[in-house]
Amino acid sequence: TLMWGATLFVSCAPSPRWPGVTDGCPEHMVAVEDAFCIDRWEAALVEEPSGRPHPPNVSVGGRRVRAVVGPDRVPQGYISRNEAAAACGAAGKRLCREHEWVRACRGPQRFTYPYGNREQRGVCNDDGVSPLLRLFAGTGTDPYSDRAMNDARLHDLPRTVLPSGTRRNCVSPYGAFDMVGNLHEWVDAPGGAFLGGYYLDTRLNGRGCSYKTTAHGPAYH
């Protein structure tokens, strides 16, 4: 299955400052029952200490970065689990544990997809077109080489990554967007795992909220 530069993390919670939601969630987060808070949108990055936005289609490459969330931001791809965890930590948060992420995606009804039990193609960003083949087919460059899969143009093409929240009905019962499709999302799991699928695949490794890939370690981006 195709897993190139595809992922960040929906979010991070709870941190030690937010052990539950008795006093409400911080801005841009929603409560998952009374257990924890989770970011509403997939995260973008800013570089530290400048606060300058980090290009979402360029790898972190040793830079100090911090996760930021908000509607209509293009989420960060080309990032490892270790880098994602550090970016969450710089924001005073952490990556979700797997059971937290799944709970937030499925809602109290335990849906298969954030919006219900029956798949509806296009409700989430799950109907994209391969940018690798559009850029490299017939060029003599292996479209699955490291060079091709790290090309910064991939996510600039139509029908790839969308700004978080673009598909307004791709929202979990708790109010978190794009947990299925758009970009894979790292979770805090031994050995590395990302969940939810991305714009080309929400089926091959499980359906919807059950999608899980463990083929790549925590340093993979």
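Analyst: Accessible areas are obtained by the Shrake-Rupley method with a 1.4 Å probe. The model discussed here is predicted. The accessible surface of its chain comes to about 9,500 Å², and carbon and sulfur atoms account for 50% of that surface.

User: Which elements make up the chain, and in what order do they run?

Analyst: The chain has four helices and eight strands. From the N terminus on, the order is β-β-β-β-β-α-α-α-α-β-β-β.

User: What percentage of the residues in the chain is buried?

Analyst: Of the 221 residues in the chain, 52% are buried. As for contacts between residues at least 6 apart in sequence, 63% join residues at least 24 apart.

User: Why is T160 called buried?

Analyst: A residue counts as buried under 20% relative accessible area. T160 has a relative accessible area of 1%, and is therefore buried. T160 is found in the loop between α4 (146-149) and β6 (184-187).

User: What makes the approaches of the T160 side chain to the backbone oxygens of H155 and L157 polar contacts?

Analyst: The cut-off for a pair of N or O atoms is within 3.5 Å. The T160 side chain reaches the backbone oxygen of L157 at 2.6 Å and the backbone oxygen of H155 at 3.4 Å. Both distances lie within 3.5 Å, so both meet the distance cut-off.

User: Which residues does T160 contact, leaving aside its neighbours within four places in sequence?

Analyst: With those neighbours left aside, T160 is in contact with N125, V129, P131, R134, L154, H155, N182 and Y199.

User: How many aromatic pairs does the structure hold, and why is the pair of W186 and F194 called edge-to-face?

Analyst: The structure holds four aromatic pairs. For W186 and F194, the ring centres are 4.8 Å apart and the planes stand at 85°. Centres within 6.5 Å make a pair, and planes over 60 degrees apart make it edge-to-face; the W186 and F194 rings satisfy both conditions, so the pair is edge-to-face.

User: What makes the pair of Y198 and Y199 edge-to-face?

Analyst: The ring centres of Y198 and Y199 are 5.1 Å apart, with the planes at 65°. The distance is within 6.5 Å and the angle is over 60 degrees, so this pair too is edge-to-face.

User: How do you know that W186, F194, Y198 and Y199 are buried?

Analyst: The relative accessible area is 1% for W186, 1% for F194, 1% for Y198 and 0% for Y199. Each value is under 20%, so each of these residues is buried.

How values were computed: Residues are numbered from 1 along each chain as its sequence is written. This is a predicted model: local features need pLDDT of at least 70, side-chain atom pairs count only at pLDDT 80 or more; totals for chains, interfaces and linings use all residues. Side-chain values use heavy atoms; hydrogens and water are left out. Helices (H or I, at least four residues) and strands (E, at least two) are DSSP runs, numbered from the N terminus. Buried means under 20% relative accessible area, exposed over 50%, partly exposed in between (1.4 Å probe, protein chains only). Contact means heavy atoms within 4.5 Å. A polar contact is a pair of N or O atoms within 3.5 Å; within protein, one must be able to donate a hydrogen and the other to accept it, and residues adjacent in sequence count only if both atoms are side-chain atoms. Rings of Phe, Tyr and Trp (its six-membered ring) pair if their centres lie within 6.5 Å; planes under 30 degrees apart count as stacked, over 60 as edge-to-face and the rest as tilted.
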